[in-house]
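Subject: Handover of a structure

Dear colleague,

Please find below the structure for your review. My notes on what was found in it follow directly after.

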Amino acid sequence: MNRNRINSRLCSFISVLCNPPQAEAIIKGSSDYPNINGKVRFYRTKFGVLVAAEVFGLPTSTSKCCNRVFGFHIHEGDMCSGDSEDSFANAMSHYNPQDCTHPHHAGDMPPLFENGGYAFNIFLTDRFEINEIIGRTVIIHSNPDDFTTQPSGDSGSKIACGVIRRH
């Protein structure tokens, strides 16, 4: 791919991000992580869905050499509620309409890397259309996804959640 074509695509993605998204999830932490908040925005492009996540208040590492990494998924449930064992149990499991093995679920997304409690991530996916995920939930997990363990990557507890709504 030549340089002009790469620059053209990059500029088109940047211009997409300057417009309102087609869908958005407002992220809020569980009662154990009340400082977590942010937004995950979903933009339709001709190449797939551009996902932009901005999250504040993530737990930070006590080690100066290791920032924390968090699992990040779309779940099939439609509520950010649960019980004393799982604050977001009603978010259910990973969104996986094609019954694929992990990490090929439609809801498997790249991890979030915290930087002083802040994470920002933009990626492109063709695993779902925006209409398919309206009403589903975005979950942030306490640990990174190992992209191997079935069925959900051993990504730990659900520490933050947001319902995807049409914008």
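I begin with the pairing of Asp86 and Lys158, which form a salt bridge whose closest N and O atoms are 2.6 Å apart. Please bear in mind throughout that this is a predicted model. Asp86 sits in the loop between β5 (72-75) and β6 (112-113), whereas Lys158 belongs to strand β9 (residues 158-166); the pair thus links distant parts of the chain, 72 residues apart. Both Asp86 and Lys158 are buried.

In the whole structure, two salt bridges are found. Besides the pair just described, Arg41 and Glu24 meet through their side chains in a salt bridge, at 3.3 Å from N to O. This pair also connects distant parts of the chain, with Arg41 in strand β2 and Glu24 in strand β1 (residues 23-29), 17 residues apart. Here the two partners fall into separate classes of accessibility: Arg41 is partly exposed because its relative accessible area is 22%, and the cut-off for buried is under 20%. Glu24, with a relative accessible area of 13%, is buried.

Ser30 is found in the loop between β1 and β2. Its relative accessible area is 5%, so Ser30 counts as buried. Apart from neighbours within four places in sequence, Ser30 is in contact with Ser87, Phe88, Ile159 and Ala160.

Turning to the aromatic residues, the count comes to three aromatic pairs. One of them joins Phe13 and Phe47 in an edge-to-face arrangement, with 5.7 Å from centre to centre and 65 degrees between the planes. Phe13 lies in helix α1 (residues 3-17) and Phe47 in the loop between β2 (37-45) and β3 (48-56), so this pair ties together parts that are 34 residues apart in sequence. Phe13 is buried at a relative accessible area of 16%, while Phe47 is partly exposed at 30%.

Another pair is made by Phe42 and Phe128: the ring centres are 6.3 Å apart and the planes stand at 70 degrees, so the pair is edge-to-face. Phe42 is in strand β2 and Phe128 in the loop between β7 (119-125) and α2 (130-133), so that distant parts of the chain, 86 residues apart, are linked. Both rings belong to buried residues, Phe42 having a relative accessible area of 0% and Phe128 one of 3%.

The nonpolar cores come last. The largest of them holds 28 residues, of which Val40, Phe42, Phe72, Ile74, Val138 and Ile140 touch the most other members. At least two residues of this core come from each of β1, β2, β3, β5, β7, α2, β8 (137-141) and β9. The most is given by β3, which supplies four residues.

Ile74 deserves a closer look. With neighbours within four places in sequence left aside, the contacts of Ile74 are Phe42, His94, Tyr95, Gly107, Met109, Phe128, Ile133, Arg136, Thr137, Val138 and Ile164. Among these are Phe42 and Phe128, the partners in the edge-to-face pair described above.

There is also a second, separate core of five residues, which includes Phe13, Val16, Tyr43 and Leu50. Phe13 therefore appears both in this core and in the aromatic pair with Phe47.

With kind regards

Methods. Residues numbered from 1 in each chain as written. Predicted model: local features only at pLDDT ≥ 70, side-chain atom pairs only at ≥ 80, totals over all residues. Heavy atoms only, no water. Phe/Tyr/Trp six-rings, centres within 6.5 Å; stacked < 30°, edge-to-face > 60°. Buried < 20%, exposed > 50% of the residue type's maximum accessible area, 1.4 Å probe, protein only. Salt bridge = Lys/Arg side-chain N within 4 Å of Asp/Glu carboxyl O. Contact = heavy atoms within 4.5 Å. Core = buried A, V, L, I, M, F, W, Y, C linked by side-chain atoms within 4.5 Å.
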